[in-house]
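Reader: I've got a structure on my screen and would like a quick tour of how it's put together. Can we go through it question by question?

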Amino acid sequence: MTAPVPTPGSTLELLLVDDHPVVRAGLKALLEADGTLAVRAEAGDGAQAIAALDEHPVDVVIMDLQMPTMDGPTAIRRLRELGGPPVLVLTTYETQADIVMALEAGATGYLLKDSPADELRDAVRQTAQGRSVLAPSVTQQLVQRAARPAQTLSAREIEILQGLATGASNRELAAQLVISEATVKTHLLHVYDKLGVDNRTAAVHRAREQRLI
């Protein structure tokens, strides 16, 4: 899989990845409105996206995060490994957990679905050039994260918190993350210390207050 090199002034070809067909249809119409962008392929999840790119090489992938079979971060990571085109995340999710996982996976940009049409089209063009485009609220989240380095949670600690929010036990968390229960307990202690809490319920509550999950 090799991403094509955009030619200045040419129409940029796109792959839309979202599990809602109606959303894809609306985005396609919006993106193609000025004639400079063309949706060449669509997919309902990450696995379909990877398969679609084998048949339809594109300049930019526009991808949601929460999807069945293979979610956004997993698909983005896989595309990076395969040398695929740059990915612009377009989603309704804007917690630090979602943002960090997507960017660490290799997303070039991160926008929200309520972004103005012109802003979205411009973001696609910048993504094709390898420039990072972030929604203002996403930038704010990252600035806040950088301003509190001592309290910043690692990607693994955020995964632990997400598991806590579902009510998972230490044993279940260990199985989900393929680590030992002792490692889960160590991560929990670090999470409690960083959030200034002393139990699971308080940790989840504090994390939601701070929009970490």
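Reader: In what order do the five strands of the open sheet run?

Author: Keep in mind that this is a predicted model. The strands of the open sheet pair in parallel. At the edges sit β2 (37-43) and β5 (109-112), each pairing on one side only. Reading across, the order is β2-β1-β3-β4-β5.

Reader: Which residue in β2 is the bridge partner of Leu 16?

Author: Start with the two strands: β1 and β2 run parallel and are joined by six bridges. Leu 16 has its bridge partner in β2, and that partner is Glu 42.

Reader: What angle does helix α5 make with β4?

Author: Two helices are worth a look here. Helix α3 (residues 72-82) packs on the sheet, where it touches β3 (60-63) and β4 (87-91), and its direction makes about 165° with that of β3. Helix α5 (residues 117-128) lies across β1, β2, β3, β4 and β5, and its angle to β4 is about 155°.

Reader: Which strand gives the largest share of the largest nonpolar core?

Author: That core has 44 residues, and Leu 14, Leu 15 and Leu 31 are among those with the most contacts inside it. Five of the core's residues come from one strand, the largest share, and that strand is β1 (residues 12-17).

Reader: How many residues are in the other core?

Author: This other core lies apart from the largest one, and its members include Ile 160, Leu 173, Leu 188 and Ala 207. Its count is 21 residues.

Definitions and conventions:
Residues numbered from 1 in each chain as written. Predicted model: local features only at pLDDT ≥ 70, side-chain atom pairs only at ≥ 80, totals over all residues. Heavy atoms only, no water. Core = buried A, V, L, I, M, F, W, Y, C linked by side-chain atoms within 4.5 Å. Buried < 20%, exposed > 50% of the residue type's maximum accessible area, 1.4 Å probe, protein only. Helix = DSSP H or I, 4+ residues; strand = E, 2+ residues; numbered from the N terminus. Pairing = 2+ DSSP bridges. Contact = heavy atoms within 4.5 Å. Axes fitted to C-alpha atoms, helices over the stretch in contact; angles between N-to-C directions.
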